[in-house]
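Reader: Hi! I'm new to reading protein structures. Could we go through this one together?
Author: Happy to, so let's put it on the screen.
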Amino acid sequence: IKVSSLKAKDGTAGISIADSTGDVSLSGSLSATSSIIRPAFLVQAQAMSNLPNDTTTDVQYVTVIKNEGGGTYNTGTYTYTAPASGLYYISAALTYSGFPNNVTDFRVQIVTSNRSYEQRYAKYINAEHSSNYTVTFRNSTLADMDSGNTVKIQVYQQAGSSQGDLNDTNSYFSGFLVCNY
C-alpha cells in the first residue's frame, strides 16, 4: 500500500509521505527540524585501587564503547559533553571488590554543569558484612542539560579503610537524550 498524503479533519494537508521523489516531508501547520539529534554514550571504567577516604574522587571511565549523535566523551577528564539542550537520562554503576566493612557513608554523584544528583548509601551499608565484600553502587537521574554542558561521575567514601578496588568489568557510565527543548 502506498500512502501519498494524510489530511486533517478540516481537509488541510498535514503530512505527505513518499511523494514523487520518495522524500518524507511535513507541511501545513506541522513543523520539523532539519535534523533530529539523539545522542547516546556508554563508557566503561578502568580499574582503580584503594579508594581514598574523605575525598571526592572522579571515577575514571576510559573505555568508550559507544558514542553516537554528536556528543563528546573525554577520556582524560572522564566527562561527556552534551551536543544538544534537553533532558538526559544518566546512569552509573560501580562495582567494588574488597569494599571495607567499616565505611560509615558512601556517595555516588552524577555531576553536571547545572547541578549534582547524589545517591547516598548511609551507615547501614555494612550492617550485614563481617568482612570486606563485593558490592555494586548505582545512581541514575533525568538531568537538565544545555548544549555544551558536561556530566561526570564522582564517589565519596567517609571513614573505613582505603582498600576498596573498582572493578572495570562491571562498572559503566551511560546516558542518552530523552527529549530536546
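Reader: Let me start with one residue: is Asp105 buried or exposed?
Author: Asp105 counts as buried, because its relative accessibility is 3%, and the cut-off for buried is under 20%. Keep in mind that this is a predicted model.

Reader: Okay! Which residue forms a salt bridge with Asp105?
Author: Arg120 does, and the closest N and O atoms of the two are 2.8 Å apart. Arg120 sits in strand E11 (residues 116-121) and Asp105 in strand E10 (residues 105-112), so this salt bridge ties together parts that are 15 residues apart in sequence.

Reader: And is Arg120 buried or partly exposed?
Author: Arg120 is partly exposed, with a relative accessible area of 46%. Asp105, as we saw, is buried at 3%.

Reader: Nice. How many salt bridges are there?
Author: The count comes to 4 salt bridges. One of them joins the side chains of Asp58 and Lys152, at 3.4 Å from N to O. Asp58 is in strand E5 (residues 56-58) and Lys152 in strand E13 (residues 150-158), so the pair ties together parts 94 residues apart in sequence.

Reader: How accessible is Asp58?
Author: Asp58 has 25% relative accessibility, so it counts as partly exposed. Lys152 is partly exposed too, with a relative accessible area of 21%.

Reader: What does Asp144 form a salt bridge with?
Author: With Arg115, where the closest N and O atoms are 3.5 Å apart. This pair also links distant parts of the chain: Asp144 is in strand E12 (residues 133-145), while Arg115 is in the loop between E10 and E11, 29 residues away. Asp144 has a relative accessible area of 25% and is partly exposed, and Arg115 is partly exposed as well, at 40%.

Reader: Which residues do salt bridges join into one network?
Author: Asp105, Arg107 and Arg120 are joined that way, through salt bridges that share partners.

Reader: Switching topic: how many helices and strands does the chain have?
Author: There are 0 helices and 14 strands. Reading along the sequence, you just get β after β.

Reader: Ha, easy to remember. What order do the strands take in the open sheet?
Author: The sheet has 5 strands in the order E6-E4-E14-E9-E12, with antiparallel pairing. Strand E6 (61-68) and E12 stand at the edges with a single partner strand each, so one side of each has no neighbour in the sheet. On average, neighbouring strands of this sheet are turned by 15° against each other, direction ignored.

Reader: What holds strands of a sheet together, in general?
Author: Strands of a sheet pair through backbone hydrogen bonds, either parallel or antiparallel.

Reader: How many bridges join E4 to E6?
Author: 6 bridges join strand E4 (residues 40-45) to E6, and the two run antiparallel. To pick out one residue pair, Gln44 has Thr63 in E6 as its bridge partner.

Reader: Back to E5 for a second. Is Thr57 buried or exposed?
Author: Thr57, which lies in strand E5, has 14% relative accessibility, so it counts as buried.

Reader: What is Thr57 in contact with?
Author: If we leave aside neighbours within four places in sequence, Thr57 is in contact with Met48, Leu51, Pro52, Ile153, Gln154 and Val155.

Reader: What about aromatic rings, how many pairs are there?
Author: The count is 14 aromatic pairs. Among them is the edge-to-face pair of Tyr96 and Phe106, at 5.7 Å centre to centre and 80° between the planes. Tyr96 lies in strand E9 (residues 86-99) and Phe106 in strand E10, 10 residues apart, and the pair links distant parts of the chain. Both residues are buried.

Reader: Which residues form one aromatic cluster?
Author: Tyr96, Phe99, Phe106, Tyr121, Tyr133 and Phe137 form one cluster.

Reader: Last one, zooming out: how much of the chain is buried?
Author: Of its 181 residues, 35% count as buried. The chain exposes about 9,700 Å², and carbon and sulfur atoms supply 49% of that. As for contacts with a separation of 6 or more, residues 24 or more positions apart account for 74% of them.

Key: Residues numbered from 1 in each chain as written. Predicted model: local features only at pLDDT ≥ 70, side-chain atom pairs only at ≥ 80, totals over all residues. Heavy atoms only, no water. Helix = DSSP H or I, 4+ residues; strand = E, 2+ residues; numbered from the N terminus. Buried < 20%, exposed > 50% of the residue type's maximum accessible area, 1.4 Å probe, protein only. Contact = heavy atoms within 4.5 Å. Areas by Shrake-Rupley, 256 points an atom, 1.4 Å probe, with all protein chains shown as cover. Phe/Tyr/Trp six-rings, centres within 6.5 Å; stacked < 30°, edge-to-face > 60°. Pairing = 2+ DSSP bridges. Axes fitted to C-alpha atoms, helices over the stretch in contact; angles between N-to-C directions.
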